[in-house]
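Trainee: I have a structure open and would like to go through its domains and chain contacts. Could we begin?
Mentor: Certainly; please bring it up.

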Amino acid sequence: MRYLPSSPVEDRALLDAIGVMDAETLLSGIPEPLRLRRELELPTQSSEQEVAGQMLAMANRNTRFCAQFLGAGAYDHFVPSAIDALISRQEWFTAYTPYQPEISQGTLQHLFEYQTLICDLTGLEVTNASLYDGGTSCVEAALMAVRVAKKRHTVLVSRGLHPLYREVLQTNFAPHAELNLVEVDLKEGITDLADLQAKLSGDVAAVLVGYPNFLGAVEDLAALAGPIHAAGALLVSVTQEAFAFGWLEAPGKLGADMACGEAMSLGNKPTFGGPFLGFLAGKDAHKRELPGRVVGQAKDLQDRTGYVLTLTAREQHIRRDKATSNICSNQGLVTLRANIFMQLAGPEGLKGLAEQNAAKAQYLRQRLLELPDMEVVVDQPFFNEFVLRYRGDYAALEAACLKESLLPGLDLGRYYPEYQGCILWCATELHTRSMIESLVELLARVPTTV
Amino acid sequence: MFLRQREPLIFERSVPGKRGMDLPRLDVPEAQDTRPVHLRRGGFEALPELSEVDVIRHFTRLSKWNYGVDDGIYPLGSCTMKHNPRLNERVAGLPGFTDTHPMAPDALVQGNLELVYTLQEWLKEITGLPGVTLQPSAGAAGELTGVMLIRAYHLSRGAKRRVILIPDSGHGTNPATAAMAGYEVVELPSQPDGTISFKDVTDPTSGKVRKGLLSLVTELGPEIAGAMITNPNTVGVFEYRFKEISDLLHSIGALVYMDGANMNALIGVARPGDFGVDVMHLNLHKTFSTPHGGGGPGAGPVCCAEQLRPFLPVPVVVRETPSVGAGEVPVSTYRWDWDRPESIGKVHTFYGNFGILVRALTYCLSHGSDGLKAATLRAIVNANYIRVRLQGAYDLHIDSPSLHEVVFSDTRQAKREVHTLDIAKRLIDHGYHPPTIYFPLIVPGAMMIEPTESEDKFELDAFCDTMLTIAREAEEIPAALHHAPILAPLRRLDETTAARKPVLRWQKPAILPA
């Protein structure tokens, strides 16, 4: 076994020093009836060459596409080469959580910079060193809002929030009989203000709104903030596509008290949904209610500036069952990818990329609308995703696309019965004009009748 | 290892007009601005302007202030800092995996589904438990999923139980998880050998009596939903009465959760399914060599007994193998099954940290059943070797047989006013990452050392020699150790002030009036 340092001579020397005949003797602490007295029924060890071949064969059993027009919470963007090169350094990818600051300043300073940039993107004052993904970030945001609001037990969730985020919220709220999750309807593709106002009460701790929402529509956070704050509740902006921060005003500047969501777009590939990057930012006044790891500035004995994990009195290893969350390991290396990405992009890169995304999505929409079977269903400002009604049969469209190695947009009816027959399309900077044209030409040939 | 010069915060390096990214030519008309004016992105306050060279040098220099597994032994107890094979990284980067979209139709991601299915089969055989979900993103997420399965099980039987028992030696995540799943935590005391006490325990100093397992089971009976037990426990000792504990809990209708953080001591030699465990999590970033990444991403799969399978998170992968004629080889297909009416729901937006699952399966295939068992035995030999070499210089607070890790106490050094923190910081001066310190809480001044199977005799001896040197220093120059580290890029940091007046981000310095 190539990863084990065993050799008969050395193994003997170790066992002699310990004073046992064989390694099995050291298992005497495990009662005999609990010992496994057979070999595991699994294949035996393999060479690197064999395993590499086996795994490549598995990867090749996935279908490759020329272009994916599917976003819906997992976006395909270009990843600069510097990212993989840098994260491949063992000092980054093999290190542990930075518990010993004097020997972990690399990770800690990186996280301090990462926190700064997440605050910049969201227009808020504090954030943590990451959460698992968009769905679980909503859970942590909702629970944090309940702690901040005190004695309020209801969290309102716009129906425009990613449907899978809403499912993760449901799962995590189920054990808490004292808490309620209530959905707010959509009207014309955005949160219905009248329904929101009807559901706001003195018991509402927070309102979670997609920005942009799952249908791609840009919600006017500023317009929602008024009634939400008047009811004494917190506005939580949920962004599933972090590139939107280069196009849309920061939620914190529009009245959002917290911003959470998914930042996988910053330097990651879709990778079948993970590892992704959950984030959660909020106001300075609420920092002691943040979940998870937080990095702060500190001085050493010689008054030099360094960084440490801080506000740890919130955390599980100190507070145990009174902790703000059970999270400890989070998405460390993914935050590094995001930090490198943001530093390479800079303000002009981020805005420029966002403008390209908007341009590609607008072009795709305009071209699709030239087809007789496509029509507008949600007419709201959008970023890089939008919904169109399709009069034809989605299955036929999908089959035709797949035959040409194109992955079409999402069949929205799977998640929103009221949008049966509608498709959620996405375009990013990776979609060339010719890819868009191939799609449109192909769709023009798909039979429209069911 | 360490870079001596300071690397400033990147924001101080920003120069207006620099670019680290060139955008592709726009081959479609420019975007029309449909945004209401107030929703248009304003300026950024911190995003720096840098060239690619600046960024690469910044992160290269910063990396030199970190210690990694390739620098040498990383003896953090309970963290299982083993070698991270490079093949795993290469395989996880295959575009066939990284380009796949989580909402693509099942027929187009057969490789991914096969991978999920295959890894689940390995974990089932390793744990002896028939149900698996790979969705939880970390150990703590696995714990939460597992406890929610327990809750769903009791609810399905019409029972509302409010208490989870957790030993005082348990990881902090256990009680935090139980609270997040809506349970009240009742602590189980340890006995002097570090294992769970059946009898009541009287604290020798305060005289306070803490109820043991038997009293708690008698008193709380039908209120107990289950217990969360780490095995081997955080002292590195096998809970030798585990089967009795699970039989007792099962007799009152409660379930047993096993925290599998220390599974590196058991693979191939014992299976939790054989000790009455109903549900457990594994840490793929510990036992299965996926890199720690400076704090994730990890993965915390949950394995469970038959009666908990209906409650597993959706979706569940299913293999379908058609029946074929004699001599023909059937081709299996895989699909996600979303139709699970009793499921607790989703615990991750998609299917968990898939890229980590790729690495873990690569680890399994490389080791095979024989390699996995050999790794377990070697990890145990290594911990015992350290124990034998250091027990003359450091006190073993608990003298039970060690498995994969060994916990020392600073009681001997404390007499000279040298404490665990000083020893840990001095290790940094000698070029090592310190062990886990002050955990478990039941050992005074704990130093929890887990070498893993990756270390050979040369590395073990070098580390032990250093620990012995520090023990001598503690005798001879105790006051000097309070200053450690002196050779790291920074001296000890003032964490108290950092928490009292937190600075959590960089802010542009205000321009002072002239």
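Trainee: What separates the centres of domain 1 and domain 2 of chain B?
Mentor: In this predicted model, the centres of domain 1 of chain B and domain 2 of chain B, taken over C-alpha atoms, are separated by 43 Å.

Trainee: Where are those two domains in chain B?
Mentor: Domain 1 of chain B covers residues 1-60, and domain 2 of chain B covers 369-498.

Trainee: And how is chain A divided?
Mentor: Chain A has domain 1, made up of 67-77 + 349-445, and domain 2, which is 81-342. The C-alpha centres of these two domains of chain A lie 28 Å apart.

Trainee: How many residues are in contact between domain 1 and domain 2 of chain A?
Mentor: On the domain 1 side of chain A there are 23 residues, in contact with 25 residues of domain 2 of chain A.

Trainee: Which element gives the most to that domain 1 side?
Mentor: That is α11(A), with 6 residues. The elements giving two or more residues to this side are α11 and β14 (385-390) of chain A. By class, the domain 1 side has 14 nonpolar, 6 polar and 3 charged residues.

Trainee: Changing topic: how many residues does each chain bring to the contact between chain A and chain B?
Mentor: Chain A brings 163 residues and chain B brings 173 residues. Helix α11 (residues 332-369) of chain A gives the most to the chain A side, with 24 residues.

Trainee: How do the residues of that chain A side divide by class?
Mentor: They divide into 78 nonpolar, 54 polar and 31 charged.

Note on methods. Residues are numbered from 1 along each chain as its sequence is written. Chains are lettered from A and ligands numbered from 1 in the order in which they are written. This is a predicted model: local features need pLDDT of at least 70, side-chain atom pairs count only at pLDDT 80 or more; totals for chains, interfaces and linings use all residues. Two residues are in contact if their C-beta atoms, placed from the backbone, lie within 7 Å. Helices (H or I, at least four residues) and strands (E, at least two) are DSSP runs, numbered from the N terminus. Ala, Val, Leu, Ile, Met, Phe, Trp, Tyr, Cys and Pro count as nonpolar, Asp, Glu, Lys and Arg as charged, and the others, Gly among them, as polar. Domain bounds come from an automatic or database domain assignment.
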